[in-house]
Amino acid sequence: MIEPTSAEASGDGVRGSQANTGNKLQAKSVLTKIAAFVADRNIAFLVCSIGMIVMLLWAGKFKMTAPGAEGIIPLVSNSPLTSLQLKVFGPYVLGDMIGATEWTAAILLIIGYFRPKAGIVGGIILVGMFFTTSSMLITTPDDTIVVHGIHYMNNLGLFLFKDIISFGVAFYLISYYGRKAIMAENRR
């Protein structure tokens, strides 16, 4: 369900939580005014989308280098979703393919600022990509260390764990761009 921000709920085009909205929702407490401020300015979207774009461009470029391609070997070689691609293409071509996919998704997210359906496609690519990498948390050996009998994630495990968060951000970006695309379709 799409929740309107305070300005959208008022229907009068006035920005912010102070708008006189009559029977509509209006932020009253300090906490809800802060939430309305954040929502009215799309801060969550801006931080998530810009952060994702920068991460994808940076990580994609790194995977196109020899150290980056060699670094993915322990991850992709143990995954039933990617081990075949490693055997077929080798680490360097596979690294280039993964990097190009990350760059493609980043470019689609950027285009999505102006053409929301492109952002939806970029988000769908990210869902597939982060589902695959998140599953590597289960299939990659030695992604934890044992301290006093308790398993903790090591650097490799933590590296993979961030993709679970990115998986959620990808769904958020699809929904945000989707809302924008729906609004554009309804204006026609």
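Buried means under 20% relative accessible area, exposed means over 50%, and partly exposed lies in between. The model used in these exercises is predicted.

**Exercise 1.** Classify Lys 117 and its salt-bridge partner Glu 185 as buried, partly exposed or exposed.

*Solution.* Step 1: Lys 117 has a relative accessible area of 45%, so Lys 117 is partly exposed. Step 2: Glu 185 is at 38% relative accessibility and therefore also counts as partly exposed. Step 3: the closing N to O distance of the pair is 3.0 Å. Lys 117 sits in helix α7 and Glu 185 in helix α8, 68 residues apart, and the pair links distant parts of the chain.

**Exercise 2.** Classify the two partners of the salt bridge between Asp 163 and Lys 162.

*Solution.* Step 1: Asp 163 has 3% relative accessibility, so Asp 163 is buried. Step 2: Lys 162, at 29%, counts as partly exposed. Step 3: the closest N and O atoms of the two residues are 2.5 Å apart.

**Exercise 3.** Check the span of helix α8 against the expected value, and state what its buried residues pack against.

*Solution.* Step 1: helix α8 covers residues 155-187, which is 33 residues. Step 2: at 1.5 Å a residue the helix should span 48 Å, and its end C-alpha atoms are 48 Å apart, so the two agree. Step 3: the buried residues of α8, among them Leu 160 and Tyr 176, pack against α3, α5, α6, α7 and β2. Step 4: at the N-terminal end, Asn 154 caps α8, with a side-chain oxygen 3.0 Å from the backbone nitrogen of Leu 156.

Key
Residues numbered from 1 in each chain as written. Predicted model: local features only at pLDDT ≥ 70, side-chain atom pairs only at ≥ 80, totals over all residues. Heavy atoms only, no water. Helix = DSSP H or I, 4+ residues; strand = E, 2+ residues; numbered from the N terminus. Expected span 1.5 Å × (residues − 1). Buried < 20%, exposed > 50% of the residue type's maximum accessible area, 1.4 Å probe, protein only. Contact = heavy atoms within 4.5 Å. Polar contact = N/O pair within 3.5 Å; in protein donor to acceptor, adjacent residues only side chain to side chain. Salt bridge = Lys/Arg side-chain N within 4 Å of Asp/Glu carboxyl O.
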